Amino acid sequence: PLMDQSAPLWNFLFGVFLLSLVMGVRGWIVLVLCVSMSWCMVVDNFDVYSGGLIVSDTISPKTNTNFVTANSSNIIGNERDLGLTVCSNIGEYVYMANVGGGYCSFGASYVPSTGYLKAQWDGEDASLTLNPSGLGELDFSSYSSFNISMRSTRTVATLALYVYSGSVNEFCSSNVTIPRGFNSLYNVHIPFSTFSHGCDFAQVGAIEAIFSTQGLTYIITDGLSVF
């Protein structure tokens with residue numbers, strides 16, 4: 001029984017390794033061109049490793065967190081906060097998340113499970129508690145959209161992006177369905193025009209990305225940028 005429960009974790013990690021070998025060069029080329037030619041601003045290239053998060057017990061909801069600081073050329077605001085939350089779980093099945101090597105991966109090993117991964121960029125605070133002004137007042141007004149490549153292997157999954165402008169009440173959001181597939185990642189543009197009203201893209205104080213899924217699936221993404 002113990003070996004059966006660990007198998008999904010090893011399969012997941014091996015799949016991430018193979019995908020990194022195939023897709024890693026493409027992601028770096030895009031980001032290097034983007035920054036060097038001022039096409040975009042990198043939010044997070046997911047290259048800086050922040051350790052794996054695993055929730056594998058029956059206590060739910062339950063959240064595990066970790067934090068990593070890095071140079072601003074890799075992570076906007078010099079820090080990425082991660083929180084993995086399992087909303088419902090059965091038995092000893094696992095939810096897991098990992099960031100590093102240019103990718104963010106998140107998945108579940110059992111169909112009835114539900115959960116989400118929150119990635120937060122709100123300055124250096126070593127906390128998943130939102131600081132809506134932690135990035136200062138970054139000006140995104142010369143850009144028009146967020147850009148990320150991602151896929152979900154099996155079930156329907158979603159990405160919700162939140163932008164804050166100085167307070168928890170000054171925010172806007174946009175929700176997209178993560179494309180399904182088993183091979184390549186799908187490039188997704190999320191125009192600022194699709195966001196709800198409430199934030200000022202000329203005064204960005206914090207950004208959150210929430211990846212949600214139900215059941216057996218793995219979500220894999222590469223770097224998040226604004227174009």
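Biologist: Which residue does a disulfide join to C172?
Modeller: This is a predicted model, and two cysteine sulfur atoms count as a disulfide if they lie within 2.5 Å. The S to S distance here is 1.9 Å, so the pair meets that cut-off. The residue joined to C172 is C199.

Biologist: How many residues apart in sequence are the parts that this pair ties together?
Modeller: C172 belongs to strand β10, residues 171-178. C199 sits in the loop between β11 (186-191) and β12 (206-214), so the pair ties a strand to a loop. The separation in sequence is 27 residues.

Biologist: What is the handedness of the link between C172 and C199?
Modeller: Both C172 and C199 are buried, and by the distance rule the count comes to one disulfide. The angle about the S-S bond is 50°. The link is right-handed.

Biologist: Is C87 buried, exposed or partly exposed?
Modeller: Buried means under 20% relative accessible area and exposed means over 50%. C104, at 3%, falls under the lower limit and therefore counts as buried. C87 has a relative accessible area of 37%, which lies between the two limits, so C87 is partly exposed.

Biologist: Which side chain of opposite charge is nearest to E79?
Modeller: E79 is in strand β4, residues 79-88, and is buried. A salt bridge needs a side-chain nitrogen of Lys or Arg within 4 Å of a carboxyl oxygen. The nearest candidate is 9.9 Å away, so E79 has no salt bridge. That side chain belongs to R80.

Biologist: The backbone nitrogen of which residue does the side chain of E79 reach at 2.8 Å?
Modeller: The residues that E79 touches, leaving aside those up to four places away in sequence, include V68, T69, W121, D125 and A126. A polar atom of the E79 side chain lies 3.3 Å from the backbone nitrogen of D125. The backbone nitrogen reached at 2.8 Å is that of A126.

Biologist: What kind of aromatic pair do F140 and F146 form?
Modeller: The whole structure holds nine aromatic pairs. In the one formed by F140 and F146, the centres are 6.4 Å apart and the planes are at 75°. Planes over 60 degrees apart fall in one class by definition, so this pair is edge-to-face.

Biologist: What angle separates the planes of Y164 and F171?
Modeller: F140 and F146 are both buried. Y164, at 9% relative accessibility, is buried, whereas F171 is partly exposed at 31%. The ring centres of Y164 and F171 are 5.7 Å apart, and their pair is tilted because the angle between the planes is 35°.

Biologist: Which residues do ring pairs link into a cluster with F140 and F146?
Modeller: F140 and F146 form a ring pair. Ring pairs also bring further residues into a cluster with these two. Those residues are Y143, F192, F195 and F201.

Biologist: What is the C-alpha to C-alpha distance between N98 and G52?
Modeller: N98 lies in strand β5, residues 95-100, and counts as buried at 18% relative accessibility. Among the residues that N98 touches are Y49, G51, G52 and C104. N98 and G52 are 46 residues apart in sequence, and their distance in space is 4.5 Å.

Biologist: What percentage of the contacts with a separation of 6 or more is between residues 24 or more positions apart?
Modeller: The protein chain has one helix and 14 strands. Of its 227 residues, 49% are buried. Residues 24 or more positions apart account for a share of those contacts equal to 75%.

How values were computed
Residues numbered from 1 in each chain as written. Predicted model: local features only at pLDDT ≥ 70, side-chain atom pairs only at ≥ 80, totals over all residues. Heavy atoms only, no water. Helix = DSSP H or I, 4+ residues; strand = E, 2+ residues; numbered from the N terminus. Buried < 20%, exposed > 50% of the residue type's maximum accessible area, 1.4 Å probe, protein only. Lys, Arg positive; Asp, Glu negative; His and termini not counted. Polar contact = N/O pair within 3.5 Å; in protein donor to acceptor, adjacent residues only side chain to side chain. Contact = heavy atoms within 4.5 Å. Phe/Tyr/Trp six-rings, centres within 6.5 Å; stacked < 30°, edge-to-face > 60°.
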